Amino acid sequence: MLGPTNTGKTHLALERMLAHRSGMIGFPLRLLARENYDKIARLKGRDSVALVTGEERILPPSPRWFVCTVEAMPLDREVAFLAIDEIQMAADRERGHVFTDRLLHARGYAETMFLGAETARRLIRVLVPGVEFIARPRFSTLSWTGPKKITRLPRRSAAVAFSAAEVYGMAELVRRQRGGAAVVFGALSPRTRNAQVAMYQAGEVDFLVATDAIGMGLNMDIDHVAFAQLTKFDGRGMRRLTPAELGQIAGRAGRHMNNGTFGTTTNVGGRELGALDPEVITAIEEHRFPALAAFQWRNTALDFASPGALLASLEAPPPVQGLLRTRDADDHLTLAALARDPAVGTLRGERDIKLLWETCQIPDFRKALGDAHVNLVARIFGHLCREGRLPTDWIASQIARLSNVEGDIDALLERIARIRTWTYVSHRPHWLEDAEHWQARAREVEDRLSDVLHERLTQRFVDRRAAAVARARKAGGGLAAAVNDQGEVLVEGEFAGKLEGFNFVADSEARDGGGRDLLAAANKALRRDAGGRVRSFLAAGDAAFALDERGLVRWQGQPVARLMAGDTPLSPRVDTLPADLLEPRHRDDVRRHLQGWVDRHIAGVLAPLCTLRDAPLTGAARGLAFELALRLGCVVRREVSAQLEAFGKQDRGALARLGVHFGQIAIYLPALQNQSSTMLRAVLWACAHGRDPAEAIAAIPRQRSIRRDAATLPAGFYTACLYLAVGPVIARADRVESLAGRLRGLAKRGPFAATRDFATSIGVAENDLAGVLAALGYRAMPGMVFVPRPARRDAPRTSAHDEASPFASLRRLKPQ
């Protein structure tokens with residue numbers, strides 16, 4: 001039964017097989033065997049069908065039908081029906097001799113069917129006398145559409161190249177420009193290949209980038225095939241693909257009754273590939289290709305007397321015309337390499353030579369056939385000869401080394417190729433103890449590596465956002481957007497950005513392909529729910545808000561407003577930040593809510609100061625309370641001397657009961673001397689004076705004192721932080737007052753010597769101590785002895801930094 005792709009040959013063969021009492025069908029690929037085994041198992045039950053491949057065997061007690069790879073077909077079993085798929089593979093230089101052997105010798109006792117391309121007709125007629133031919137026309141047409149840029153290919157296209165590097169390059173380009181692609185090439189394990197194909201079939205991506213691995217047996221919904229290369233390396237050198245090979249690949253376009261198209265790409269790797277020859281285009285469209293000249297053949301009547309005799313029998317010439325002896329097959333080359341070892345070359349005896357040949361047929365899935373594979377085969381053969389079985393510890397260590405799932409795509413491909421070799425070995429039950437255990441263990445490692453490889457390929461070559469858009473389009477609905485508890489905006493489950501207050505901050509990677517669609521859907525959904533977000537904001541409790549070190553008010557951790565100068569430092573004004581999702585009609589509600597929170601926050605953190613400000617005081621006491629509130633909790637005593645002189649009998653006591661401490665140098669509220677209070681006062685001072693709050697926070701002294709020449713802000717800032725300028729330093733007010741009281745006591749007894757603990761008490765260097773004492777009103781005598789400076793009546797004055805304050809005019813008003 002011969003014909004091009006998409007003719008239903010395989011479907012008809014399976015129907016014919018299942019109509020017989022028993023049957024066997026051989027496929028060219030393990031994944032095809034597994035796919036069709038699953039179909040039959042669903043139809044007839046798993047007890048009725050067996051799967052036999054080099055790497056996987058499922059054998060129920062009494063199966064009626066066998067689904068196999070061509071190499072693994074158990075031909076010693078008699079079956080009514082027997083079929084071989086893709087019989088034109090008999091011309092393949094690597095595996096063709098196996099297909100030729102099945103063509104010549106494999107038969108069902110009732111019916112034998114060979115499926116393939118018309119190119120095999122002439123040779124089959126010569127080699128199988130009396131064969132009946134059934135032609136199968138293609139269900140749909142295949143048309144040439146010319147060259148296109150890869151970024152202009154229609155959706156549901158497959159771009160084809162002939163090396164992994166070329167596939168990677170195209171897939172990355174498609175990801176950047178079109179959202180992503182599934183990838184298929186020969187080195188993928190069947191599990192990974194199926195996962196990539198399933199992703200394409202599910203509509204998660206609209207493009208497939210592949211090698212000629214798609215040319216056989218992968219039934220997908222491809223509308224267009226574009227060739228990015230027309231030459232390939234075939235193991236010996238670069239050659240141009242034949243028209244029949246191009247037709248096999250192009251035939252993947254169009255499934256069942258849907259027509260397909262094919263063409264080339266124009267911009268891969270900077271090359272202009274251009275069009276195919278008109279004769280080749282016509283041949284592909286009309287499925288007319290030159291007949292195959294010969295099938296590959298290898299002698300199966302082997303001589304097992306010695307390695308040399310075995311090699312000689314493998315090189316026997318074909319018995320008839322139309323057959324070509326296979327050269328350089330992998331197992332043949334491995335045997336030749338081992339035979340050069342004297343220990344192997346001198347072997348005699350049919351049993352040992354058959355075992356040698358069986359081990360040489362272990363496949364190298366890396367397709368490298370280097371020394372590493374030959375050495376592995378030699379070790380396996382050596383163990384089997386000496387011990388009869390492979391050592392359990394050795395197998396365990398070999399498989400364990402391959403179970404690592406770290407590394408890039410190439411590292412995973414290498415490990416998968418190696419573990420597939422061990423999967424093959426594990427299915428030789430007479431080679432090892434507990435074969436079923438090692439089959440399961442090798443399959444577990446291969447499956448895990450394959451799943452991780454699929455994830456890596458998807459991460460590298462698929463934009464998940466584009467996949468989400470594709471799924472939604474296929475479902476025919478709109479894109480569903482939602483915001484989770486962390487403020488992340490998800491569209492069809494994919495991260496599109498984050499809500500920061502009333503702004504949507506798009507993810508930096510969401511810019512091309514499906515990303516643009518996701519952002520549009522996110523913005524639309526967020527604007528639609530803007531009123532709901534405002535209601536949520538207004539219903540939020542005080543715990544949802546915070547004031548940061550930059551003077552920004554945050555809601556749920558995100559900035560929504562900033563503090564601005566108000567009437568006084570303790571009453572800053574709230575200004576909402578620009579917000580894309582905040583409509584003008586809601587802005588005032590938001591600002592009022594924030595203003596209320598800020599007022600409550602200040603009243604809570606600075607409770608002693610706010611209580612003092614609002615206390616029902618009169619006269620000079622009210623004036624001093626006003627000054628303390630204006631300067632955020634601390635004033636230098638000499639700067640308010642006029643208010644103090646006007647104090648009545650009850651004023652000092654009233655203020656003291658409100659927490660005001662009257663020191664020799666300053667008047668302040670000691671209860672404000674904690675970290676949260678100091679940081680808030682620094683922010684409020686900065687907002688009131690038009691400075692950067694972050695700069696003010698950074699300027700807060702972290703020690704008991706700093707040198708005055710290291711100060712970065714005016715003295716009034718440090719006073720608000722309860723630090724006082726004394727001579728060459730700025731020191732903590734409570735430490736300065738403590739030292740001043742101590743000095744006053746000493747001075748009552750006469751001159752006193754300055755000691756080191758004076759400096760330690762306020763955290764200054766000893767060489768700065770004289771300047772500090774001078775600022776506190778003491779005159780130095782010879783030998784670092786100090787006495788009080790004579791008293792001097794100074795007129796009340798306002799410091800320069802206070803005159804520059806925007807609140808200086810308030811200070812001149814008589815408090816009511």
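**Entry: charges over rings**

I began at Arg460, whose charged end sits over the ring of Tyr168, 4.8 Å from its centre; a charge counts as sitting over a ring when NZ of Lys or CZ of Arg is within 6 Å of the ring centre and within 35 degrees of the ring normal. I looked up Arg428 as well, and its charged end sits over the ring of Tyr424, at 3.7 Å from the centre of that ring.

I note that this is a predicted model, in which local features need pLDDT of at least 70 and side-chain atom pairs count only at pLDDT 80 or more, while totals for chains, interfaces and linings use all residues. Residues are numbered from 1 along each chain as its sequence is written, and side-chain values use heavy atoms, with hydrogens and water left out.

**Entry: aromatic rings**

I looked up the aromatic pairs and found that the structure holds 15 of them (rings of Phe, Tyr and Trp, the last by its six-membered ring, pair if their centres lie within 6.5 Å; planes under 30 degrees apart are stacked, over 60 edge-to-face, and the rest tilted). Phe545 and Trp597 make up a tilted pair, with 6.1 Å from centre to centre and 40 degrees between the planes. This pair links distant parts of the chain, since Phe545 belongs to strand β21 (residues 545–547) and Trp597 to helix α20 (residues 584–605), 52 residues apart. Helices (H or I, at least four residues) and strands (E, at least two) are DSSP runs, numbered from the N terminus.

I checked the exposure of the two partners, and both Phe545 and Trp597 are buried (under 20% relative accessible area, against over 50% for exposed and in between for partly exposed, with a 1.4 Å probe and protein chains only). I also wrote down that Phe545 and Trp597 belong to one aromatic cluster together with Phe502, Phe537 and Trp555.

**Entry: helix α20 and its partner α19**

I stayed with α20 and looked at how it packs with helix α19 (residues 530–539): the angle is about 15 degrees and the axes are 10 Å apart. Axes are lines fitted to C-alpha atoms, for helices over the stretch in contact, and angles run from 0 to 180 degrees between N-to-C directions. The helices α19 and α20 are therefore roughly parallel to each other (under 35 degrees; over 145 is roughly antiparallel, 65 to 115 roughly perpendicular, and the rest oblique).

Gly531, Val534, Phe537 and Leu538 of α19 meet His586, Asp589, Val590, His593 and Leu594 of α20, contact being heavy atoms within 4.5 Å. Phe537, which I had already listed in the aromatic cluster, is thus one of the residues of α19 that meet α20.

**Entry: helices α9 and α10**

I turned to helix α9 (residues 307–314) and helix α10 (residues 330–339), which pack at about 150 degrees, with 10 Å between their axes. I recorded α9 and α10 as roughly antiparallel to each other, therefore, on account of that angle. On the side of α9 the meeting residues are Pro307, Leu310, Leu311 and Leu314, and on the side of α10 they are His332, Leu335, Ala336 and Ala339.

**Entry: Val225 and Arg448**

I found Val225 in strand β11 (residues 224–227), and with a relative accessible area of 0% it is buried. Leaving aside neighbours within four places in sequence, Val225 is in contact with residues including Ala158, Val160, Ile249 and Phe262. Its C-alpha atom is separated by 59 Å from that of Arg591, 366 residues apart along the chain.

I found Arg448 in helix α16 (residues 435–461), and here the relative accessible area is 48%, so Arg448 is partly exposed. With neighbours within four places in sequence left aside, Arg448 is in contact with Ser403 and Val405. Ser403 is 45 residues from Arg448 in sequence, and their C-alpha atoms are 8.1 Å apart.

**Entry: loop residues**

I looked up Glu86, in the loop between β5 (81–84) and α3 (96–105), and its phi is near 55 degrees, a positive value in a residue other than glycine. Glu86 has a relative accessible area of 10% and is buried.

Leu722, in the loop between α27 (715–720) and β29 (723–726), likewise has a positive phi, near 65 degrees, in a residue other than glycine. Leu722 is buried, at a relative accessible area of 0%.

My last lookup was Pro578, in the loop between β24 (573–576) and α20, which counts as exposed at 64% relative accessibility. From Pro578 to Glu695 I noted 117 residues in sequence and 23 Å in space, C-alpha to C-alpha.
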